[in-house]
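Me: Could we zoom in on one part of this model together? I'm new to reading structures, so plain words please.

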There are 2 protein chains.
Amino acid sequence: MTTVTTTNPATGVQRDLEIQESTDADVLDATRRAANAAEDFAQRPLSWRAGLLRAMAEELESDGANLVALAHEETALPLARLEGELRRTAFQLRFFADVVLDGAFLHVTIDHAGDSPMGPLPDLRRARVPLGAVGIFGSSNFPFAFSVPGGDTASALAAGCPVVIKAHPAHPATSQATFDALVRGARRVEAPEGILSLVFGFTAGAALVDSPHITAVGFTGSVGAGLALWERANTRSVPIPFYGELGSANPLVVTVSAAQQRGAEIGTGIAGSMTLGAGQFCTKPGLIFVPAGDAGDELVAAVASSLEGLGEFTMLTSGIADHFRRGAEAIAATNADVLVRGDEGEGARAASQLFEVDGERFRSPGAYALREECFAPLALENPYVSSQDLRDSVLAAEPALTFSLFATDDDPDAPWLLELGAQRAGRVIHNGFPTGVGVSWSMQHGGPWPSTTNAGATSVGAAAIDRWLRPVTFQSVPDSLLPPSLQESNPLQLPRRVDGAWRTSPEGPART
Amino acid sequence: MTTVTTTNPATGVQRDLEIQESTDADVLDATRRAANAAEDFAQRPLSWRAGLLRAMAEELESDGANLVALAHEETALPLARLEGELRRTAFQLRFFADVVLDGAFLHVTIDHAGDSPMGPLPDLRRARVPLGAVGIFGSSNFPFAFSVPGGDTASALAAGCPVVIKAHPAHPATSQATFDALVRGARRVEAPEGILSLVFGFTAGAALVDSPHITAVGFTGSVGAGLALWERANTRSVPIPFYGELGSANPLVVTVSAAQQRGAEIGTGIAGSMTLGAGQFCTKPGLIFVPAGDAGDELVAAVASSLEGLGEFTMLTSGIADHFRRGAEAIAATNADVLVRGDEGEGARAASQLFEVDGERFRSPGAYALREECFAPLALENPYVSSQDLRDSVLAAEPALTFSLFATDDDPDAPWLLELGAQRAGRVIHNGFPTGVGVSWSMQHGGPWPSTTNAGATSVGAAAIDRWLRPVTFQSVPDSLLPPSLQESNPLQLPRRVDGAWRTSPEGPART
């Protein structure tokens with residue numbers, strides 16, 4: 001048995017926890033119990049499911065002071081940030097309770113029997129059902145919002161899927177404590193045993209993806225780990241969907257007019273956004289495109305001076321800091337110009353870095369290091385000399401989670417750049433920074449490969465629930481044998497499409 | 001250059017067509033032209049897109065007599081069936097025009113800027129956009145409805161994606177003629193050049209999946225070919241979604257009461273369903289579970305005598321007939337009991353086969369031949385001795401596209417069997433046969449692995465359009481710079497969710 005240890009990145013001090021790493025047998029057992037709980041869980045009323053999510057939110061809040069202190073010790077993230085993140089995480093659980101009660105996520109669609117140009121059609125009724133037990137990988141950078149009690153767990157439970165969560169090794173004590181809070185919430189509403197498990201250890205991750213009881217996986221983390229697990233999910237004897245949110249370099253473009261109008265202000269904002277959470281956001285703006293010449297130079301000078309004022313950061317782990325140091329060296333090795341080269345630090349300590357290359361060097365096929373994400377307070381600035389130069393560079397950058405545009409009112413470059421952004425990213429931001437991903441009905445947190453493994457999916461917002469459902473059509477099934485969601489009288493008062501017309505309530509008029 | 005040939009399966013006579021197999025360069029060129037057309041196509045109004053689909057339907061109908069004659073020569077399918085299939089195919093194109101005009105497929109979701117427990121949230125607007133150029137593989141068994149002008153093509157064009165179609169070698173002349181009709185429709189409405197291409201030849205299929213200009217693939221066909229292409233799509237340097245509809249063995253269960261009440265009638269129906277299109281339906285009922293004992297025996301006797309009355313069939317190709325002969329031999333080699341063993345035939349000729357095994361033999365791990373689909377007028381009957389025996393066998397069978405249940409009114413076994421069916425298949429049918437897949441809002445044609453590669457997707461019905469779209473969220477973008485689908489005044493009159501409330505029309509009341 002291997003004891004799980006936790007490390008304080010600010011001090012480097014390690015301590016043993018009263019937790020053992022999970023064996024393959026432990027993981028198999030947890031996933032089996034999750035699969036066994038799936039049927040009971042799926043059949044509980046939607047109102048019960050919403051109550052489960054709300055009870056979990058309350059239990060997280062009740063233990064808030066303890067959870068924030070633990071997370072602060074394990075991540076070195078500021079207390080205020082962690083308090084806000086915990087509020088967001090509780091909000092997210094309640095938001096998914098609203099999504100469950102809204103009921104539109106079931107996609108209820110009913111076609112009564114009738115004639116068609118193809119001949120008679122039988123009564124057909126379609127709704128989405130939970131996939132079954134789901135595996136979730138907590139990420140390092142948001143110990144609450146994208147970890148054990150985060151969006152993947154909340155959306156999977158909202159869909160009616162039991163979850164087995166792999167704790168991130170960067171915050172095992174926080175993982176255990178948040179898990180305990182979720183379990184207290186589940187017990188309060190007498191949830192089926194097995195709908196929630198937590199496993200620890202590197203090999204547990206592989207065992208989780210391999211388990212025949214797991215029907216889908218949600219992952220937030222590095223491209224390397226994500227792709228290895230994605231491949232694993234695809235090479236099982238029964239492949240399963242793997243929803244990986246792998247991060248991206250997130251282009252940010254400043255037009256000529258915007259740089260002229262308020263370059264210094266934008267530059268200061270860029271420095272703040274790229275160093276938020278010590279640059280460890282998957283939406284960190286990593287590629288900064290500014291016009292060559294005075295206005296762009298002034299903007300870049302503002303980024304640089306702001307960065308220099310920010311001093312050193314404590315990264316989440318010394319491993320991430322090491323990776324940062326290697327990434328910065330790889331960029332320096334391409335002979336990129338150095339604008340800010342903070343002290344490389346040691347252990348988990350590091351300082352921000354800002355490099356500059358022109359479009360031609362940026363696009364050169366071998367210079368991959370310039371275009372890949374560096375999960376750290378590091379950005380690469382690229383002065384463009386023409387619209388064509390800018391367009392070519394944006395197209396050479398990999399597709400991303402976000403694309404940010406700074407432009408002026410009636411900016412002649414805004415229309416084509418917004419269009420280009422929509423082709424290359426899942427979220428397009430006008431005069432704003434990409435860090436900060438609101439939980440809402442209309443959020444999209446997922447973009448084209450390689451930023452995520454499924455551009456059609458999101459890991460934040462109401463549509464995150466879609467990943468854990470599949471449709472089933474019932475043909476000519478008598479009303480009394482149909483699931484309540486599909487019965488003619490609409491006992492659950494679900495919004496539904498009937499005979500082609502969408503109705504938002506059972507009494508409401510059909511759309512014509 | 002290799003000339004494409006066509007074979008009449010009824011006579012074995014081959015003839016050369018005035019078509020050459022596509023080279024890898026041809027495929028690359030077609031996909032490049034498709035990708036170049038994507039932006040123009042995506043930006044045309046939805047009403048224009050609906051007009052395109054309707055013009056294509058009209059052109060297919062105008063050339064109907066010729067198309068049916070060609071398809072009859074190439075597939076040996078009966079004329080009346082082909083006439084019905086062409087009607088269905090034109091209906092399907094018009095149905096997707098309705099889906100486009102309905103607009104709900106865009107999933108328009110708007111959250112105005114406001115406060116939240118997480119702090120202020122910016123204006124966020126989400127809509128789905130076309131993925132880009134799509135590769136489509138025509139299938140052998142439906143030369144219209146699941147081939148060049150079929151559901152994959154119709155749904156991809158409805159989504160706003162240009163298509164490059166790989167013709168099935170079993171009906172190249174029909175493929176070319178239906179393609180020509182679609183092109184006439186496209187020209188009538190002055191569609192962008194490149195939104196529709198057709199390629200021929202085995203290597204063209206691999207080149208299509210490999211092309212960097214292709215963003216997703218739709219496939220209907222065999223498990224072997226489908227999995228090879230699926231793997232190819234996953235091992236590209238930029239992997240793309242591969243929607244494979246691979247067929248399945250489609251369990252059909254008759255309860256004790258139903259067998260007692262009307263075993264002979266059900267048996268006659270089974271024989272008809274399993275031989276429809278010479279058993280070459282992906283929804284053919286291939287696994288028949290009947291109660292052991294007199295009632296079940298009577299039912300099986302009715303299947304057998306009906307099959308014997310049907311005589312020989314002409315399969316779509318001699319290759320499919322060879323595969324059928326090998327499949328029947330593999331089942332016979334397991335010492336399954338033979339109930340009907342029609343003449344094995346030669347060339348494309350073959351006759352129906354009915355085998356019987358008990359539950360224990362059916363479930364034995366090595367007897368995979370008993371559980372896999374045989375794409376032919378062949379079924380395996382399994383007499384069950386108890387509910388447990390039946391449940392175990394259904395769980396041992398692979399998940400499927402369909403699950404059919406024959407039961408009586410107030411049948412005590414109906415509830416648990418319908419529930420089991422919903423766990424194992426994408427469509428659950430009560431007192432009906434699985435062959436026949438209606439095009440409608442609520443159809444689901446897709447089930448858990450290995451019946452399809454994505455249980456969340458369907459290749460028939462309105463939701464088939466979902467495969468070719470991805471969401472983009474616009475944050476704080478000024479109204480005049482938003483795509484029309486997301487503008488505040490709702491100029492396209494789309495149904496949309498605004499601030500959490502679903503509205504089916506711009507004037508309609510919000511759901512509370």
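What follows is my request and one long reply. Where is A:Pro450 found in chain A, and which residue does a cis peptide bond join to A:Pro450?

Reply: Sure! First, the ground rules: this is a predicted model, where local features need pLDDT of at least 70 and side-chain atom pairs need 80 or more, while totals for chains, interfaces and linings use all residues. Residues count from 1 along each chain as written, chains are lettered from A and ligands numbered from 1 in written order, and side-chain values use heavy atoms, without hydrogens or water.

Now your proline. A:Pro450 sits in the loop of chain A that runs between strand 20 (425-430) and strand 21 (469-475). (Helices are DSSP runs of H or I with at least four residues, strands runs of E with at least two, numbered from the N terminus.) The residue joined to A:Pro450 by a cis peptide bond is A:Trp449, and omega there is about 5°.

That loop of chain A has another backbone detail to spot, since A:Asn431 lies in it too. A:Asn431 isn't a glycine, yet its phi is positive, at about 50°. With 33% relative accessibility, A:Asn431 counts as partly exposed (buried means under 20% relative accessible area, exposed over 50%, partly exposed in between, using a 1.4 Å probe and protein chains only).

Hop over to chain B and you can find the matching spot. B:Pro450 is placed in the loop between strand 20 (425-430) and strand 21 (469-475) of chain B. The bond leading from B:Trp449 into B:Pro450 is cis, with omega near 5°.

How do the copies fit on each other? Turn chain A by 180°, shift it 0.0 Å along the axis, and it lies on chain B with an RMSD of 0.0 Å. So the two copies are related as by a two-fold rotation axis. (The superposition is by least squares on C-alpha atoms of residues with pLDDT of at least 70 in both.) The copies also meet through the same surface, because 99% of chain A's interface residues are interface residues in chain B as well.

While you're in chain B, have a look at B:Glu190, in the loop between helix 6 (172-188) and strand 9 (196-199). Its phi is near 55°, positive in a residue other than glycine. B:Glu190 is exposed, at 62% relative accessible area.

Next, compare two residues of chain B that sit in regular elements. B:Gln14 belongs to strand 2 (residues 14-20) and is exposed, with a relative accessible area of 55%. Leaving out residues up to four places away in sequence, B:Gln14 touches B:Thr5, B:Thr6 and B:Thr7 (contact means heavy atoms within 4.5 Å). Now try B:Asp115, 101 residues from B:Gln14 along the chain: their C-alpha atoms are 71 Å apart.

B:Arg81, on the other hand, is part of helix 4 (residues 79-102), and its 19% relative accessible area makes it buried. Beyond its neighbours within four places in sequence, B:Arg81 has contacts that include B:Asn141, B:Phe142 and B:Pro143. B:Gly277 and B:Phe281 are also in contact with B:Arg81.

Finally, zoom back out to chain A, the home of your loop. Chain A has 15 helices and 23 strands, and its C-alpha atoms fill a box of roughly 75 × 60 × 40 Å along the principal axes. Of its 512 residues, 63% count as buried. Take the contacts in chain A with a separation of 6 or more: 75% of them are between residues 24 or more positions apart.
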